[in-house]
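Let's take a walk through this structure together, starting small and working outwards. Keep the 3D view open as you read.

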Amino acid sequence: MSGKKRKLMKVYPIEENCISCRYCEVACTMVHSKSKDPVKAYKLENLLPRATVEVKGAVSLSLMCRHCKHPFCFDSCISGAIQVDEKGQVHLDEEKCVGCWNCVLVCPFGAAHPYIREEKRHSFKCDLCGDRGFPACVEACPNKALVYDYER
Amino acid sequence: MKYVIVGNSAAAVGCITGIRKVDKESPITVISYETSCYSKPMIADVLVDIPQEKLIYRDEKFFEENNVELILGQKAVKVNTDSKAVVLDSNELVPYDKLLISTGGKPFIPPIPGIEKRGVFTFTELASAFAFKNYLKEKGAEEVVVIGSGFIGLEVAYFLRELGIKVKVVELLNRVLGRAMDERGSEIVESLMREKGVEFIFGNTVEEVLGDKEVSSVRLKSGETIKADAVVVAIGVRPNTELAETAGMKINQGIVTSDRMETSVENIYAAGDCIECLDITDGKRKPIPLFPLAFEQGFVAGLNMAGKRMKYLGGIPLNSLKFLPVPVLNAGTVSPPDNSYEVIVNDQFDKRGYYRKAVIKDNRLVGFVAIGEIDRVGILTNLIRQKIDVSDFKERLVSLDFGLVDLPKWWREEKLKEDRTAYKDWRAV
């Protein structure tokens, strides 16, 4: 709010470089799995990617949580599962989430997704690979269509 | 600077968040007659025994970290604008420099004979939800009548079925969610509710609550009498303006505020279900009692109270039925009031389990319904908010793979490349 730049690193998509290979989606699902295996993660663990590759004609891009300077998901979260840390990163606690879908309803980027499988219902989104220190999607991208950079 | 907030729900927490963006130091005091900061939209979950800790919206740590003093279990009864102090029911005075009134809504209770009997409940407070649950147990209740088929009424009815209690919902209109949902959406929701065993009585209303001191049945307008071990009144909430009235501020349907959430009385701001909010889909000011809007209004109020000038973007009516197995979302105008609107429908509910609808006016999206498949519909909500011209891609609005690639390139440049995602960046284009 003070107009100063936040010291937050985010993943920025560059649509001109995207070749819609979906390596980012696969890498995302894999690193968030128990098995750390891309096929098992998708087939057995029923995991979904937090990055979404969109394609329309010649245009494609990979899109994930923007960690907005004003996150509407945070405003709308009724359970307190969504919190913003001092750097500005937006966190979603899947255990605390009650699956009200308000964040899905208000995210301008469509980056908060619903997970609906039998009794398990919660939202999920990009966590910037906090556990591993560097976003897997950026590593996996073969054409620099995703870059990890300080907030603009 | 001393900030005081009356109320302790979404708008209050939004206000604390807003103040602390600007002013990290000055003390904040929160006054509430309730005893914890719980999540209002989650109180019906009490019926299905949600763990207590899940109900907490912000714990004590949040208030400590933000240097907020809590005065709980005491009611603010008056604002003395001359001495700039809030008067508590204990006669204690709490002085303020900037005050937020976020006193929320109160349930509308129709003047039906017998409505004061024991066994009639509303659902806007945690205490009343617990009282209802205990009453059901105490009476060994088998049948409950719910008056009203809005979001709260449906949710309570659904959870009562989980408890194995017979439920009849009495609704004045001829369909559920009549004011919020379109006809097809209502039909789908009704069928999901009936699958759960909820019964509906449409085009009817409760004319009298019968029983000695406790409710035993209700008499309908149609003349029929139906058994009721308890009654839930869920026909909406009205702004609670009791405290605001003592300050002599301007009130219409709710407290009147400026774009900066200031009331007509100096140094007093208001946010949440107690105010009249600008509905950006029709430009009218009206109460829109919704959690996300309350938080955002509180946030904007907090910024302004702390000296950062910021205008509220305006509200969009939006809802999510969180209790149904099938997700049901809607935003904005879903039933066009006249033929100046264009409607695009993708109804695959019977075959594939989803329904999408977009409502367009003057090449701008003004509302949508998404049932079954809801991923990424927030993009649509933002199209409503930013009033972006959708004429080039309007047929795509109801497709499941609608995405940012469908939006104008300048939008992606601005939001993705330049990262213009601060509050002010989301105004209409």
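Before looking at any sheet, one definition helps: two strands pair if DSSP finds at least two bridges between them. Keep in mind, too, that this is a predicted model.

With that in hand, go to strand β14 of chain B, residues 217–220. β14(B) and β15(B) clear that cut-off, pairing in the antiparallel sense over three bridges. If you want a spot to click on, try B:R219, which sits opposite B:T225 in β15(B). Now zoom out a little. These two strands belong to an open, antiparallel sheet of three strands in chain B, ordered β13-β14-β15. Its edges are β13 (206–210) and β15 (225–227) of chain B, each pairing on one side only. Ignoring direction, neighbouring strands in this sheet are turned by 25° against each other on average.

Next stop, further along the chain: strand β22 of chain B, residues 328–332. Is this strand mostly covered or open? It's mostly covered, with five of its five residues buried. β22(B) also has partners. Strand β21 (residues 318–320) of chain B pairs with β22(B) in the antiparallel sense over three bridges, and B:L318 stands opposite B:A331 there. Strand β25 (residues 364–371) of chain B pairs with β22(B) too, again antiparallel, over five bridges. In that pairing, B:V328 has B:I371 of β25(B) as its bridge partner. As a bit of background, side chains in a regular strand alternate between the two faces of the sheet.

Time to step back to the whole chain. Chain B splits into domain 1 (3–106 + 238–305), domain 2 (120–235) and domain 3 (326–418). The centres of domain 2 and domain 3 of chain B, taken over C-alpha atoms, are 33 Å apart. The two do touch: eight residues of domain 2 of chain B and eleven residues of domain 3 of chain B make the contact. On the domain 2 side, that's five nonpolar, one polar and two charged residues.

Finally, bring in the other chain. How many residues of chain B are in contact with chain A? The count is 40, against 38 residues of chain A. On the chain B side, the elements giving two or more residues include β21 and β22, along with helices such as α1 (10–22) and α8 (291–305). The largest share, five residues, comes from α8(B). By class, the side of chain B that touches chain A has 20 nonpolar, eight polar and twelve charged residues.

Note on methods:
Residues are numbered from 1 along each chain as its sequence is written. Chains are lettered from A and ligands numbered from 1 in the order in which they are written. This is a predicted model: local features need pLDDT of at least 70, side-chain atom pairs count only at pLDDT 80 or more; totals for chains, interfaces and linings use all residues. A residue is buried if 20 or more other C-beta atoms lie within 10 Å of its own, exposed if 12 or fewer, and partly exposed in between; C-beta atoms are placed from the backbone. Helices (H or I, at least four residues) and strands (E, at least two) are DSSP runs, numbered from the N terminus. Domain bounds come from an automatic or database domain assignment. Two residues are in contact if their C-beta atoms, placed from the backbone, lie within 7 Å. Ala, Val, Leu, Ile, Met, Phe, Trp, Tyr, Cys and Pro count as nonpolar, Asp, Glu, Lys and Arg as charged, and the others, Gly among them, as polar. Axes are lines fitted to C-alpha atoms, for helices over the stretch in contact, and angles run from 0 to 180 degrees between N-to-C directions.
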